[in-house]
Amino acid sequence: MIGTLPTGPRNAIVDVPGVAVGHATIVEGDAIRTGVTAVIPHPGDLYRERVPAAIHVANGYGKLLGVTQVRELGELETPILLTGTLGVWKAADALVEWMLDKPGMAQVRSLNPVVGETNDGFLSDIRARPIRPEHVRQALETASTDNVEEGAVGAGTGTVAFGWKGGIGTSSRRLPGDAGGHTVGVLVQSNYGGDLVITGVPVGRALPDPAGFEAPAAPAAADRPPAAGDGSIMIVVATDAPLDARLLRRLAARAIIGLGRTGASMSNGSGDYVIAFSTAPESRMQAGARTHRLQLLTNDAMDGLFLAVAEATEEAIVNSLFRAHTVTGHRGTIPALPLERVLPRLRAAPRP
């Protein structure tokens, strides 16, 4: 485990009560390796019982659909979808159809689907745009509050992180009772570069170059340069702490601490986004209501949540790498992180 706070029972975003996650993994022929991941904040009517939300943009090289309305109103009215870059608009269209078909939605004339992405164009033929409505429905309708499948699954099927196979990762942290007892859960779609660091140990430069890892004479490359930084990461943060959009913006910004601890370079071509929401019933907003009476934490009470989100983000990213497997696709093979080399180095590192 990373950090000092305990995890929730599943060490996953679904440790936040009511949150569900579903995947659709698309593997077709030799060139399609992509998918959809859905995060559903609670099992009720999301359009009428909206959760407060905020979005933090660390680097805006991306196609996050729905961002301006979330920033303006501070609320989510749909599930969150993650997918590949050129699948954003197809996924959004299918999400809208799925929402409009629900009971009680016949008179709805506006809807703000939130869809994030990373570019999986090395392993998947991104120009084929293979996302279909049935993929989106599968991710939404199989979403579960049980354990979250990680690695090369759903929106993480074709992603690459630090030159190794990235993917979906998740983790959670629970505050002690005297700090509120709240849970923070994080789910990531890792697809970015830099110089890999795990629990403070700079393991990346001790590993062979991923591009030649399967070659018989793969070099040790102890001083090779960091992996290319271009790419992106989507970070979804959920908590049961009673927060409004302002406090959620503060929480989302601290997730970038966890990203930085992994050695991310956050280059010009990397889209790095955090979407944060609260599931606390006392913080929800009813559609059509004239007033909201929201019970919120104070600013001083946020410290434990800041620590929790940094630790959970860092571990979710590491889990996305540890759970991934080698994938061959459109333009070649991306190997899984060689744990047989990584784990001994982590065990041998001095600890405080």
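Is aspartate 45 buried, partly exposed or exposed? That's the warm-up; keep in mind that you're working with a predicted model.

**Exercise 1. Sort out aspartate 45 and its salt-bridge partner.**

Step 1: Look up the relative accessible area of aspartate 45, which is 33%.
Step 2: Buried means under 20% and exposed means over 50%, so aspartate 45 counts as partly exposed.
Step 3: Now find the partner. The side chain of aspartate 45 meets that of arginine 48 in a salt bridge, at 3.4 Å from N to O.
Step 4: Run the check on arginine 48 too: its relative accessibility is 31%, so it's partly exposed.

**Exercise 2. Work out which parts of the chain the salt bridge between glutamate 49 and arginine 284 links.**

Step 1: Start with the bridge itself, where the closest N and O atoms are 2.9 Å apart.
Step 2: Place both ends. Glutamate 49 sits in strand β3 (residues 49-60), while arginine 284 is in the loop between β12 (270-278) and β13 (285-286).
Step 3: The two residues are 235 residues apart, so this pair ties together distant parts of the chain.
Step 4: Compare the accessibility. Glutamate 49 is partly exposed at 24%, whereas arginine 284 is buried at 15%.

**Exercise 3. Describe the surroundings of glutamate 77.**

Step 1: Find glutamate 77 in the loop between β4 (75-76) and β5 (80-84).
Step 2: Its relative accessible area is 4%, so glutamate 77 is buried.
Step 3: Look for polar partners. The side chain of glutamate 77 makes a polar contact with the side chain of arginine 50 at 3.3 Å, and it also reaches the backbone nitrogen of asparagine 112 at 2.8 Å.
Step 4: Fill in the rest. Leaving aside neighbours within four places in sequence, glutamate 77 touches several other residues, including Leu46, Tyr47, Gln69 and Met99.

**Exercise 4. Lay out the sheet that contains β5, then add the helices.**

Step 1: Write down the strand order: this open sheet of 4 strands runs β1-β2-β5-β6, with mixed pairing.
Step 2: Mark the edges, β1 (20-28) and β6 (114-118), each of which pairs on one side only.
Step 3: Zoom in on the pairing of β2 (residues 32-40) with β5, which is antiparallel over 3 bridges. Here valine 39 stands opposite isoleucine 80 in β5.
Step 4: Pack on the helices. Helix α2 (residues 88-100) touches β5 and β6, and its direction makes about 155 degrees with that of β6. Helix α3 (residues 133-141) touches β1, β2 and β5, at about 145 degrees to the direction of β1.

How values were computed
Residues numbered from 1 in each chain as written. Predicted model: local features only at pLDDT ≥ 70, side-chain atom pairs only at ≥ 80, totals over all residues. Heavy atoms only, no water. Buried < 20%, exposed > 50% of the residue type's maximum accessible area, 1.4 Å probe, protein only. Polar contact = N/O pair within 3.5 Å; in protein donor to acceptor, adjacent residues only side chain to side chain. Contact = heavy atoms within 4.5 Å. Pairing = 2+ DSSP bridges. Axes fitted to C-alpha atoms, helices over the stretch in contact; angles between N-to-C directions. Salt bridge = Lys/Arg side-chain N within 4 Å of Asp/Glu carboxyl O.
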